[in-house]
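Work through the exercises below with the sequence and the model side by side, and try each task before reading its solution.

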Amino acid sequence: MDLLNLLEQLTAVSGVSGSENSIAAVAQELLTPYCDTVEQRQGNVIGILGERQSGKPHVLLDAHMDQVGFLVTAITEDGFVRVGNAGGLDCRFMPAQRVVIHGKQDVAGVICCMPPHLQNGEEHVLSVTELAIDTGYTKEELEQLVEAGDTVSFDMPLVPLQSDFVCSRSLDDRCGIASILYALFLIQGEELPCSCSILFSTQEETSERGATIGAYDIEPDIALAVDVTFALEHNGDATKCGSMGKGPMIGISPSLSRKVTDDLIAAADAEKIAWQPEVMSGRTGTNADCFSVTKGGVCAGTVSIPLRYMHTPAEVIQISDVKKTGELLAAYLRRCGTC
């Protein structure tokens, strides 16, 4: 499997939280060769692999499809587009970013930026409600193309960097989707000690709504949230971040099943897959938080890919970490026991 090509396909499609139709269609097509059935339910893409049998656990592998972005709130009299946020955004880097407004047709734009020559030395980080997008259109022209509620995504295609590093928008969490697809590729045709569902979920960045609905519907025994986590960067704190190139981070938290965590570690060690611990004191900030309290409770775990510059248009990962994450998921499914 060509993971670079797969990541290019996944990141090329917009799917701002709450408007994931385009990425859902791509994800469904990519998932279909590996599952017995694949369908969309309430926006989620769900694939089923194997039949449920008494005494065999049913495992859910989840990665969210949505990305952070904006929603159009208004068009000003002088033809600029006002926005609100969809998901957590850092406004420090917003000025001069290229974006695409997904209206009746895609409209290219750039977030307004005051030149330094006109700032008189003043420093002010604009809030989301102060941002405006310049498209070159007049108000009257824009009103034929764009309306309140349309989504806006960053215009940043995937770019390979040195070695196996890549930079793109929405690697959070399209790289998680890629790692699950790679795991399914590795176990294709194998007899597993479990049945398995795949959930490519909606709205993680805003509410975990897709995962909440999906897990309630699927009723798994065990659920793994495959997401991203903070990677060490320039002047970063090594005690709060993982290292890129050293494999996935396995979650250790009071809110997670210690049995699932131990089984993930055992699977990694058995197949000599590099991994890192991610110790969290409470909630994980992933879909695992809703999995663990679904219905009567689900044994939940997290497997996270180190990523730099989270929730920016220029997120960076290392493809080898995506590959190792897929290998870990495959190793876990081959050994999966009851929780």
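**Exercise 1.** Decide whether Tyr 182 is buried or exposed, and then describe how the ring of Tyr 182 lies against that of Phe 185.

*Solution.* Start with accessibility, where buried means under 20% relative accessible area, exposed means over 50%, and partly exposed is in between, with a 1.4 Å probe and protein chains only. Tyr 182 has a relative accessible area of 8% and is therefore buried, whereas Phe 185, at 34% relative accessibility, counts as partly exposed. Before going further, note that this is a predicted model, in which local features need pLDDT of at least 70 and side-chain atom pairs count only at pLDDT 80 or more, while totals for chains, interfaces and linings use all residues. Residues are numbered from 1 along each chain as its sequence is written, and side-chain values use heavy atoms, with hydrogens and water left out.

Next, locate the two residues: they are three residues apart in helix α4, which means that about one helical turn separates Tyr 182 from Phe 185. Helices here are DSSP runs of H or I with at least four residues, strands are runs of E with at least two, and both are numbered from the N terminus.

Finally, apply the ring rule, by which rings of Phe, Tyr and Trp (its six-membered ring) pair if their centres lie within 6.5 Å, with planes under 30 degrees apart counted as stacked, over 60 as edge-to-face and the rest as tilted. The centres of the Tyr 182 and Phe 185 rings are 6.1 Å apart and their planes are at 20°, so this pair is stacked.

**Exercise 2.** Find how many aromatic pairs there are, and classify the pair made by Phe 70 and Phe 154.

*Solution.* The ring rule gives a count of three aromatic pairs. For Phe 70 and Phe 154, the ring centres are 5.7 Å apart and the planes are at 75°, so the pair is edge-to-face. This pair links distant parts of the chain, since Phe 70 is in strand β4 (residues 69-75) and Phe 154 is in strand β9 (residues 151-154), 84 residues apart. Phe 70 counts as buried at 1% relative accessibility, and Phe 154 likewise counts as buried at 1%. Ring pairs also bring in Phe 93, which joins Phe 70 and Phe 154 in a cluster.

**Exercise 3.** Work out which residues of helix α2 are buried, and what covers them.

*Solution.* In α2 (residues 21-31), the buried residues are Ile 23, Ala 24, Val 26, Ala 27, Leu 30 and Leu 31. They cover an arc of only 165° around the axis, which puts them on the same side of α2; the arc is that of the directions from the helix axis to the C-beta atoms. The face turned away from this buried side carries the exposed residues Asn 21 and Glu 29. The cover over the buried residues of α2 includes α1 (3-11), β1 (37-41), β2 (44-49), α4 (171-187) and β12 (195-201), where contact means heavy atoms within 4.5 Å.

**Exercise 4.** Trace the surroundings of strand β14 and name the strands with which β14 pairs.

*Solution.* Both faces of β14 (residues 249-252) are covered, with Met 249 and Gly 251 buried on one side and Ile 250 and Ile 252 buried on the other. Two strands pair if DSSP finds at least two bridges between them. With β15 (residues 276-279), β14 pairs in the parallel sense over four bridges, and Pro 277 in β15 is the bridge partner of Ile 250. From β14 the chain crosses through helix α6 (residues 258-270) to β15 in a right-handed β-α-β crossover, a term for a path that runs clockwise from the first strand over the helix to the second when the strands point away from the viewer. With β16, β14 pairs in the antiparallel sense over two bridges, and there Ser 304 is the bridge partner of Met 249.

**Exercise 5.** Identify where Thr 325 lies and which residues are in contact with Thr 325.

*Solution.* Thr 325 lies in helix α8 (residues 319-335) and is buried, with a relative accessible area of 0%. Leaving aside neighbours within four places in sequence, Thr 325 is in contact with Ser 179, Val 226, Pro 248, Val 303 and Ile 305.
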